[in-house]
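Biologist: Could you walk me through this one? I'd like to go contact by contact.

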Number of protein chains: 2
Amino acid sequence: MEERHMNVVPGLAGIPAAESAVSFIDGEKGILEYRGINISVLAEKSDFLEVSYLLVFGHLPTAEEYRKFKEDITFHTRLKLKILRMMEDLPESGHPMDYLQAVVSAMGMYYPARNTLDPELRYWSVVRLIAKLPTIVAATNRLRRGDAPIPPNNDLSFAANFYYMIFEKEPDPVMEKIIDVILILHADHTMNASTFSSRVVGSTLADPYTIVSSAIGTLSGPLHGGANERVIKMLKDIGTVDKARPYIEDKIARKDKIMGIGHRVYKTKDPRAVLLQKYAHQLFSHEHSKNVEILEIAEEVEKVVEEKLSSKGLYANVDFYSGIVFQALGIPPELFTPIFALGRVSGWLAHWEEQLRTNRIYRPTQNYIGKREQSYVPVDKR
Amino acid sequence: MEERHMNVVPGLAGIPAAESAVSFIDGEKGILEYRGINISVLAEKSDFLEVSYLLVFGHLPTAEEYRKFKEDITFHTRLKLKILRMMEDLPESGHPMDYLQAVVSAMGMYYPARNTLDPELRYWSVVRLIAKLPTIVAATNRLRRGDAPIPPNNDLSFAANFYYMIFEKEPDPVMEKIIDVILILHADHTMNASTFSSRVVGSTLADPYTIVSSAIGTLSGPLHGGANERVIKMLKDIGTVDKARPYIEDKIARKDKIMGIGHRVYKTKDPRAVLLQKYAHQLFSHEHSKNVEILEIAEEVEKVVEEKLSSKGLYANVDFYSGIVFQALGIPPELFTPIFALGRVSGWLAHWEEQLRTNRIYRPTQNYIGKREQSYVPVDKR
């Protein structure tokens, strides 16, 4: 094989894998933009379905485009009877991310979309994947408890329906808005591991269910998703506000990693953490919420971290506050990463659409470091 | 985000993504080695389970290691009752690659292996994945026809048992050897798209079922797997030996792609094609085989291609002869790519093991080419 004799860059860090116009990060200033629009503005003024449209199709929808997209998604939230039956046969002890990966693979079998060059098939794949992922996650949560899934309620908004399918009651407007904002804030984040994975799989012209299933698998890895579960665990370990400072000072002295602190690309506070902190306050000042102390502990932790570590560019990231918000909403920890996936699917699909436009199969090389021309030693001589 | 201002190399072609000691290709000389041992020698003297051990663990097993590995695999070929039930709920119209991806994801839920740093868990994941993939593929083939799956027969060899689960009869020794050789020849091939995908997913420390499920998804893409199905279609289109020359000369004149001809890394005949051609002759000279004309057509096509295209480095690749062999064995075309996966799983697992040793999460960057600082235009102004 022709080798270019380049050195391997571990994790391909710093190597650009694609030209992209989906999202942009200014890590110094703490800015995240989707298609050039600041996420703070989108979180305030838009909603997750409009943001999904923006990411996948590259522009804010017109009133008619938005109406159609929303209607198409609303009327594709149901799961096939046989998909539900298949889910009933999965082990209740399984992790919801494994359910999600398996069910998305299986779901694709009902919606052949192998000709990924047909824009009509791509549109309906985008609609079905965004529409059905919340139903799968909510049904998983019910089935794992031995309960029957709650069918989607198409009279509710996308965010409210997700809450309804988990709790069998509607959220109030504050909760509904926060769920929607969480989905917006997780929808894309430039070239992370699962997004890269969806581009690699997509570059073979695999169908979109296969691509999303693989991206879900990538997100299930503990080095990618799941940090917010570990933040909650840490805050519970700390227990009370007065114990936060000694706990964190001790961690810093021992150079331990502090969960939810620091990010590869942000050298200031993650803009998603800024927004989630604001919404966490709204949620905790609200009649439905309890256990406000966890937010107070978190803010004390952040204060100590800023005193001691901001000179090193270490600040709270999105995971630091998302777990707290989920917890306040009553969402069980094992659903945190699946909910990340409900938002991120729009980014995966946007990168897939972009990849197909100038596609070339991802096939990097390797630098061979093994032996050559070894003989086959018979088993009795080994 | 800090950008290194490198240009994007489409598909990362020529960029080394890892140092690897699993397999080596000399594209000029037409040599493929696994752990330094020439595949021609392995095809002749070894068997697929020994080759799998060699790839995954880096050395040929001792007699005791081989005995244990073979026994462990032989006694883990069964599928869980609930996995079989779940498979019954999948649509018969689904592609076997989609079955395989969905079932492997689901299977992982029964064998928690999230702590991928535990070598004992890794060993049993390797055993289970190699052992159960043939059972899934064979059961899929039966279920799609409305037939009950045939349980594995642990008295048979790995290759013979696969044949038995498809046809409910044992293969003769010639067929058994050829099935084994096909698995050996597909077991690894340096850094192809699905292998790269398994490294990307594995780098997040996702569990091995998730990794293999994602790699199967990558292999399902028409730019990666499936070329041998298209070779068979071409040979059938040609129909008779005398039509091969005008058909191919016409293709060459119109600069059409000829299926199964040419390979990114081989500038001579693919060594796997050399071996499969030899075994195809054995198979066709054999009492069980019929329709030898397809081999004669293939060899006539290859002769014309060599006359006209060898100066351009275009020769037969593995897909050119593997479809013919499968066809002669009576294996339906939609199983060709799944059987590729049965062999390649050993390579995916070998690269996963290697990746974990010096792991860093794959997180390349992007070059942003979109707009900045766009305003959010209200819907009535769009």
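Biologist: How many salt bridges are there between chain A and chain B?
Modeller: Keep in mind that this is a predicted model. One of the pairs joins the side chains of Glu50(B) and Arg382(A), at 2.8 Å from N to O. That sits within the 4 Å cut-off, so the pair counts as a salt bridge. The count between chain A and chain B is four.

Biologist: Which helix of chain A gives the largest share of the side that touches chain B?
Modeller: Chain A puts 104 residues into the contact, and chain B puts in 104 residues. On the chain A side, those divide into 48 nonpolar, 35 polar and 21 charged. The largest share, seven residues, comes from residues 96-108, that is, helix H5 of chain A.

Biologist: What area is buried between chain A and chain B?
Modeller: Interface size is often quoted as the accessible area lost when the parts come together. Here carbon and sulfur atoms give 61% of that area. There are also 40 residue pairs in polar contact between the two chains, both residues at pLDDT 80 or more. The buried area comes to about 9,500 Å².

Biologist: Now inside chain A: how far apart are the centres of domain 1 and domain 2?
Modeller: The assignment gives domain 1 as 17-222 + 334-357 and domain 2 as 227-328. In the contact, 29 residues of domain 1 of chain A meet 26 residues of domain 2 of chain A. Taken over C-alpha atoms, the centres are separated by 26 Å.

Biologist: Which three residues supply 26% of the area that domain 1 of chain A buries against domain 2 of chain A?
Modeller: The area buried between these domains is about 2,300 Å², with carbon and sulfur atoms giving 70%. No other three residues supply more of domain 1's part than this trio: Ile178(A), Leu185(A) and Phe336(A).

Biologist: How many residue pairs are in polar contact between domain 1 and domain 2 of chain A?
Modeller: Salt bridges don't come into it, with a count of zero between these domains. Polar contacts do turn up, taking pairs with both residues at pLDDT 80 or more. The count is four.

Biologist: And which element gives the most to the side of domain 1 of chain A that touches domain 2 of chain A?
Modeller: Elements giving two or more residues include strand S3 (31-34), helix H1 (39-45) and helix H16 (336-357) of chain A. By class, this side has 15 nonpolar, seven polar and seven charged residues. The top contributor, with seven residues, is H8(A).

Biologist: Why is helix H7 of chain A described as largely enclosed by the rest of the structure?
Modeller: Its buried residues include Phe158(A), Asn161(A), Tyr164(A) and Ile166(A). Among the elements that cover the buried residues of H7(A) are H2, H3, H6 and H15 of chain A. H7(A) is largely enclosed because the buried count is nine of the 10 residues.

Biologist: Which residue just after H7(A) takes a positive phi?
Modeller: H7 of chain A spans residues 158-167. Just past the helix, phi goes to about 60°, and the residue is Glu168(A).

Biologist: Last one: is Ser322(A) buried or exposed?
Modeller: Ser322(A) lies in helix H15 of chain A. Leaving out residues up to four places away in sequence, Ser322(A) touches His186(A), Asn228(A) and Leu276(A). Its relative accessibility is 0%, under the 20% cut-off, so Ser322(A) counts as buried.

How values were computed:
Residues numbered from 1 in each chain as written. Chains lettered and ligands numbered in written order. Heavy atoms only, no water. Domains from an automatic or database assignment. Contact = heavy atoms within 4.5 Å. Buried area = accessible area lost by both parts, 1.4 Å probe. Polar contact = N/O pair within 3.5 Å; in protein donor to acceptor, adjacent residues only side chain to side chain. Helix = DSSP H or I, 4+ residues; strand = E, 2+ residues; numbered from the N terminus. Nonpolar A, V, L, I, M, F, W, Y, C, P; charged D, E, K, R; others polar. Buried < 20%, exposed > 50% of the residue type's maximum accessible area, 1.4 Å probe, protein only.
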